[in-house]
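Please look over the sequence and the structure shown here before working through the exercises.

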Amino acid sequence: INAEYGMDVGSAVGQFVGAKADRYVLPLVVVHLNIVAYALAYWLCQPVMPFFAKQLGADEVVFGWLSTVFSFVQLVGGPFIGWICDTQGPRLALQVSQAGTAVSYLLLGSATSVEWLFASQIPTVTMHAMHASQAFVTNFSSASSRAIALGRLSLSYGVGMVVGSFLGGSLAESLGYNAVAFIAAAISLTMLAMNMLLLPVVAADSADGKSPKAAAKPQLTVILRLLREPAIARVVFYQTAIGIALAMYRTTFSMSVGERFGFDAATLGYYQSAGAVLGVLCNTFLVGWLLAAVGHSESRLLRACGGVLAACFVLYAYVVDTAVGVFVLLVPFSVATSCVYTVATAALSKAAAVGADGDGTTTAGTAIGLGHSSRSLSGIVGPTVGGYIAAARFEYVGVAAAVLALASSAFV
């Protein structure tokens, strides 16, 4: 009976993580643990950053530039991590990501000035654990279950986000801002050691039972070829435009919510935690259902999400005037955002299927990297522009973000 029970549990876990063979279950479980820890560490710091930056003398414009620097180094690192995924395997990419993340948090915890805050963002050039993990899932899952498997990966991210956001502000109030960053560094280092012990070095098999060859072409050549694919180009443009809108909104929101609604670090953490819960529920129960409702068309669902986000931006700018209203608006905003990231990643990995050139090469990791890099590019433009717009008139941020969201939906 125990053996049968163990088999049932193993089968259920394998189905949950989307493993296409039993031998991939443990690696994928470890990958999910990486994402929980990665999100936990990151979101421990997020409710703290706006208040930490203000404490060190940063205003909205400087905070926007800080977000821009983070996004710029992420943009540089995205294709590099994609290249590692395709040529050396996602295990090394995940290790490099966790190591760089730990260094960043150690520098953040040591920060005593705004300049030191900027310096702490440089090691985030390798902070792409989600990218490497998505490459794991892409390699270790079947094409038919890939969107759901990626959604489950987002579920694990959501778990870490819920806990991290909930605890970050409270820990900052009791231990201080710097201590929160040191805790995040310890989490990343723990996962680094676990990966060395539990993750396999060998890559997953391809559908035909042979190990897929990594793209041996120069990385720029591979990127340019992928961008010439209409399906990939449309999704990348969509993610870039809607990413700019989201970056404008989130950066100005974090810096203004204290003055507009009286949020402190703990309250902002609770808000972000509530958003994470909604994202978890969306990726667990809604993504598959919504895709089925639109005939499994990623484009239709992405267009609908763009429209929902545009409405949220305008409502927040001109209608919502209470803290309760902010939390109510969080529901459609979080659902739409979760669908955007999960479905867009699935669309990219599907468009860059293994053997698309007929030579057996895999460029899925690079394609996913393009998606992450497009968000980083958005983060370079959005926070800085949003900061300047907010300094002139806050409501204009909502209008500009809504226009971008609608424009992205028109071309996907």
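Three exercises with worked solutions follow.

This is a predicted model, in which local features need pLDDT of at least 70 and side-chain atom pairs count only at pLDDT 80 or more, while totals for chains, interfaces and linings use all residues. Residues are numbered from 1 along each chain as its sequence is written, and side-chain values use heavy atoms, with hydrogens and water left out.

**Exercise 1.** Describe the surroundings of Ser165.

Solution. Begin with the position: Ser165 belongs to helix α8, residues 146–175, where a helix is a DSSP run of H or I with at least four residues, numbered from the N terminus. Next, Ser165 has a relative accessible area of 0% and is therefore buried, a word that means under 20% with a 1.4 Å probe and protein chains only. Its side chain reaches the backbone oxygen of Met161 at 2.8 Å. Finally, leaving aside residues up to four places away in sequence, Ser165 touches Trp43, Pro47, Gly269, Tyr270, Gln272 and Ser273, contact being heavy atoms within 4.5 Å.

**Exercise 2.** Compare the expected span of helix α2 with the distance between its end C-alpha atoms.

Solution. The expected span is 1.5 Å times one less than the number of residues. For the 21 residues of α2 (25–45) this gives 30 Å, and the end C-alpha atoms are 31 Å apart, which agrees.

**Exercise 3.** Decide whether α2 is largely enclosed or not by the rest of the structure.

Solution. Count the buried residues: 16 of the 21 in α2 are buried, so α2 is largely enclosed by the rest of the structure.

How values were computed:
Helices (H or I, at least four residues) and strands (E, at least two) are DSSP runs, numbered from the N terminus. Buried means under 20% relative accessible area, exposed over 50%, partly exposed in between (1.4 Å probe, protein chains only). A polar contact is a pair of N or O atoms within 3.5 Å; within protein, one must be able to donate a hydrogen and the other to accept it, and residues adjacent in sequence count only if both atoms are side-chain atoms.
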